Amino acid sequence: SRRISSCVLLTTLLLIHPRMKFLMKLPYYYYQARDTNLTITITYVYIFICSTFQIDFWNPETITQVKPEMRVDFRVEADKSSDVESLLEQSGVEYEILIDNLKTVLDAQFDSNVRATGHNYEKYNNWETIAAWTADIAAQNANLVSRTEIGTTFQGRPIYLLKVGKSGSNKKAIFMDCGFHAREWISPAFCQWFVKEAVSTYGSDTLMTRLLNNLDFYILPVLNIDGYVYTWTNYRMWRKTRSTNSGSSCIGTDPNRNFNAGWCSAGASKRPCDDTYCGSAPESEKETKALADFIRKNLSTIKAYLTIHSYSQMLLFPYSYTYSVPENYAELVKLASLYGTKYTFGSGASTIYLAAGGSDDWAYDQGIKYSFTFELRDTGRYGFALPESQIKPTCEETLKAVKYIYNANYILSYAL
């Protein structure tokens, strides 16, 4: 027999929240389960739950990615919670309720003591505030920051990119993006934090100054802008883009299944209603196409790629669409272990699960040999509902890791 652990989250009703037009369905019940039955038995339980109830997987992202020794986080409607509990109990699965009311947890996200009305780095900012910030930070730091528009979203919003670095000729660059999955609010918060630290510590912090003198950073604060807006106005737990799908009433594509890297194979769905829907073709989404076009156009200068997600506190590198390892696997392992965070690290497929069509694998296959995915806090206590009080410690620890990784002598030597 093998051990497998599980978590369940349950929900109902749509409520109004003063900082959003609509809030997530509620309440959630969050379970952590431990089981000693055969893996096939537990997989059957999950499949039965999925076929009987409306399931939203949090971690992993689909039932097909469940494997031994993995904790599984998912949610169902609250009025079905008793049925799910009964099924788990009948199957011999022990569980613990960790969150018994998601509305309370989501309300508690806004627990920052900072009460600024405009943009603030220790609060979650909506898209309008972030968009205005991109203009302000560039205008106020013209010697280090410039802003360009690399495309528009499905709904017509401009996709802004910040270039951060000291002016110089023939500089190499690092590309970093945030906000692929709409409900992962801590991700855009980190991109904003990184830019703040870059402009405020340049000239005083040795590592940051060295980076900005020798390299440019392309920072994409939010890729999936339409989805991010939707999490503020309609449905907090939305994940995908907001594009329409031909022949289906279901909306959106998973942008991190939409790249031409093992596209739509393992860990991706061909069904438009699924959260891991890969899209009608690679780069079918305007957002992923804009990102890919920019990187292709600047491929001669971009030497590293970093994409920020949540949650699970991991630092991943290629590959995720195959169990094969990249040529510089040993080097990536060494880099990932440079800074002593409490993050698990390794190749995506072997560390968590197979997932085709990801941007990090695509970037690596384009020749960007230093390609990483950060999965930020936490490991499941709050999940996507990480409170604002966690923004600062999360961003501080991630910033340290990023600075140390990219200040590695051989990365700088490779880039220069």
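This passage looks at the disulfides, one central strand and the enclosed cavities of a predicted model.

The cysteines make a good starting point. With a disulfide taken as a pair of cysteine sulfur atoms within 2.5 Å, the count for this structure comes to three. Counting the bonded cysteines along the chain, the pairing follows the pattern 1-2, 3-5, 4-6. Each link is described in turn below.

The link between Cys178 and Cys191 has its sulfur atoms 2.1 Å apart. The torsion about this S-S bond is about 85°, so the disulfide of Cys178 and Cys191 is right-handed. Cys178 sits in the loop between β9 (172-177) and α5 (186-201), while Cys191 belongs to helix α5 itself, so the bond ties together parts that lie 13 residues apart in sequence. Both ends are hidden from the surface: Cys178 is buried, with a relative accessible area of 0%, and Cys191 is buried as well, also at 0%.

A second disulfide is formed by Cys250 and Cys273, with 1.9 Å between the sulfur atoms. Here the torsion about the S-S bond is about 75°, so this link too is right-handed. Cys250 and Cys273 are both found in the loop between α7 (225-233) and α8 (286-297), at positions 23 residues apart. Cys250 has a relative accessibility of 17% and counts as buried, because the limit for that class is under 20%.

The remaining pair is Cys264 and Cys278, whose sulfur atoms are 2.0 Å apart. With -65° about its S-S bond, the link of Cys264 and Cys278 is left-handed. Its two cysteines again lie in the loop between α7 and α8, with 14 residues separating them in sequence. Cys264 and Cys278 are both buried.

What of Cys395, and how far away is the nearest cysteine sulfur? Cys395 takes part in no disulfide, and the nearest cysteine sulfur, which belongs to Cys178, is 8.7 Å away. Like Cys178, which has a relative accessible area of 0%, Cys395 is buried, and its value is also 0%.

Attention now turns to strand β12, which covers residues 314-317. Its side chains alternate in direction: Met314 and Leu316 point one way, Leu315 and Phe317 point the other way, and all of them are buried. Strand β12 also has two pairing partners to follow in the structure. With strand β13 (residues 344-347) it runs parallel, and four bridges join the two. With strand β14 (residues 370-376) the pairing of β12 is antiparallel and extends over three bridges. Leu316 is a handy landmark for both pairings, as it stands opposite Gly346 in β13 and opposite Thr373 in β14.

The last topic is the space enclosed within the protein. Rolling a probe the size of a water molecule over the atoms shows where empty space is left. A search of the whole structure finds four cavities of 30 Å³ or more. The largest cavity holds about 170 Å³ of space. It is lined by 15 residues, and those closest to its centre are Asn256, Arg257, Ser320, Ala355 and Glu375. What kinds of residue make up the lining of the largest cavity? Seven are polar, four are nonpolar and four are charged. Among the residues closest to the centre of this cavity, Arg257 and Glu375 belong to the charged class, whereas Ala355 counts as nonpolar.

Key:
Residues numbered from 1 in each chain as written. Predicted model: local features only at pLDDT ≥ 70, side-chain atom pairs only at ≥ 80, totals over all residues. Heavy atoms only, no water. Buried < 20%, exposed > 50% of the residue type's maximum accessible area, 1.4 Å probe, protein only. Pairing = 2+ DSSP bridges. 1 Å grid on protein atoms, 1.4 Å probe; cavity = no way out; pocket = protein on both sides within 12 Å on 5 of 7 lines; lining within 4 Å. Points joined across faces, edges and corners; volume = space filled by probe spheres on them.
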